[in-house]
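Dear colleague,

Please find below the structure I promised to hand over, together with its sequence. My notes on what was found in it follow.

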Amino acid sequence: MVLPGLLRGVGKAAATISADNGTSSNGLRSVLVVRGSRAIVIALAAAWIAVVWHLNPDSLAHQNPRLMAILYGLVKSVVVLLIADLLWHLAKSHIDHTLAITGETSDIPAAEIARRGRLRTLLPIFRNVLAVFVAVTAALVVLSELGVAIAPLIAGAGIFGVALGFGSQTLVKDVISGVFYMLDDAFRVGEYIQAKSYMGTVEGFSLRSVRLRHHRGPVFTVPFGELGAVENMSRDWAIDNFKLSVGYDTDINVARKIAKSIGAELLADPELGPQFITPLKMKGVESFGDYGIVLSFAMTTVPGQQTSIRRKAYAMLRDAFRANGIEFATPSVQVGGEEKGDAAAAANIVRAAEIKAQAATGES
């Protein structure tokens, strides 16, 4: 009757002490103080009950040895569960703290950003695996303390696992494929990938699937076994190529100088400049089109930024070409001059006269 109120009081006191020391409620020290103090109270209560059973000769424990073994097994099980609970919350707190730190990617080197992205990918999966491992281990130890033979359970679990593997080949395929994707570092949380008809930003993982957020909003939950070859669009750099058609009378050297000056201007931009790896430049004449010359342009940027930079480059190239008298190639239709029109009209009159003469001859 006293234990629940005592646990609440001890927990509040421990949380207050941790807060006064400036410790976060999710920090390792706070978890250790709060959970540890509660575990100590419960362990002392269990020990007190065990002492009472041992010292009281009239208790049921002394009258029935089997019952005594079960009761002492329950006391030991309480201690085992407390230890498992404390270890799990400590590990979970550390993982959550690491995930919170890795979410901050401002003003750090690119290599550190990549390392933090890999941690954000692997730690949630490791947390889930650790939770299952702690729960299964604690359950087996508790059953052992209660006098249950766990060796047949382990053997039966192995047989059940084999049967489950044969019956759930797709599930096993998904889990194993996910393990190898993680080992290959194929993608990380926050990266934009495309696999078959699925594309989007990686938001998270489970043991068997990956969650992709499409750029239009929908979320795909794709089993690892369905991904196949993965195209990662967020690694290292992105090369963006685009083409523009200009008239055949365009001076190629002038167009090249304009592209070079715009590339330098974009590189000097305080917002767009850090996104460049190599500046915008004109590669040359790509081909001769039906209506003009096709010029090819290229630039290398940080992954994911090429689209916004290309839009800015389009606007600047249009204004610069117009200012320098360079016209973009457009389809055109040529109509014959006045002399050709008169000749065609005369031919039509002659033809009409011939038709009229033939008609008159036929009537006669």
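Please bear in mind that this is a predicted model. I begin with an open sheet of five strands, which pair in antiparallel fashion in the order S4-S3-S2-S1-S5. Strand S4 (219-223) and strand S5 (231-232) stand at the edges with a single partner strand each, so one side of each has no neighbour in the sheet. Within this sheet, strand S1 (residues 192-195) runs antiparallel to strand S2 (residues 198-205), and four bridges join the two. One position you can look up in this pairing is Ile193, which stands opposite Gly200 in S2.

A second open sheet has three strands, again with antiparallel pairing, in the order S6-S8-S7. Its edge strands are S6 and S7, each of which pairs on one side only. From one strand to the next, the twist averages 20 degrees. S6 and S8 run antiparallel and are joined by nine bridges; here Asn241 stands opposite Ala298 in S8.

Two helices lie across strands of this second sheet. H8 lies across S7 and S8 and runs at about 160 degrees to S7. H9 lies across S6, S7 and S8, and its direction is at about 25 degrees to S6.

These helices and strands also take part in the largest nonpolar core, to which I now turn. The core has 23 residues, and those with the most contacts inside it are Ile262, Leu266, Leu280, Leu295, Phe297, Leu317 and Phe321. At least two of its residues come from each of strand S6 (238-246), helix H8 (252-268), strand S7 (276-288), strand S8 (293-301) and helix H9 (306-323). H9 gives the most, with six residues.

Which residues does Phe321 touch, not counting those up to four places away in sequence? They are Leu244, Val246, Ala255, Ile258, Phe297, Ile326 and Phe328. Of these, Phe297 is also among the core residues with the most contacts.

Apart from this core lies another, of 14 residues, among them Tyr181, Met182, Leu212 and Val222.

For viewing, I would suggest taking the sheet with the order S4-S3-S2-S1-S5 and the sheet with the order S6-S8-S7 in turn, and then the core to which H9 gives six residues.

With kind regards

Note on methods. Residues numbered from 1 in each chain as written. Predicted model: local features only at pLDDT ≥ 70, side-chain atom pairs only at ≥ 80, totals over all residues. Heavy atoms only, no water. Pairing = 2+ DSSP bridges. Core = buried A, V, L, I, M, F, W, Y, C linked by side-chain atoms within 4.5 Å. Buried < 20%, exposed > 50% of the residue type's maximum accessible area, 1.4 Å probe, protein only. Contact = heavy atoms within 4.5 Å. Axes fitted to C-alpha atoms, helices over the stretch in contact; angles between N-to-C directions.
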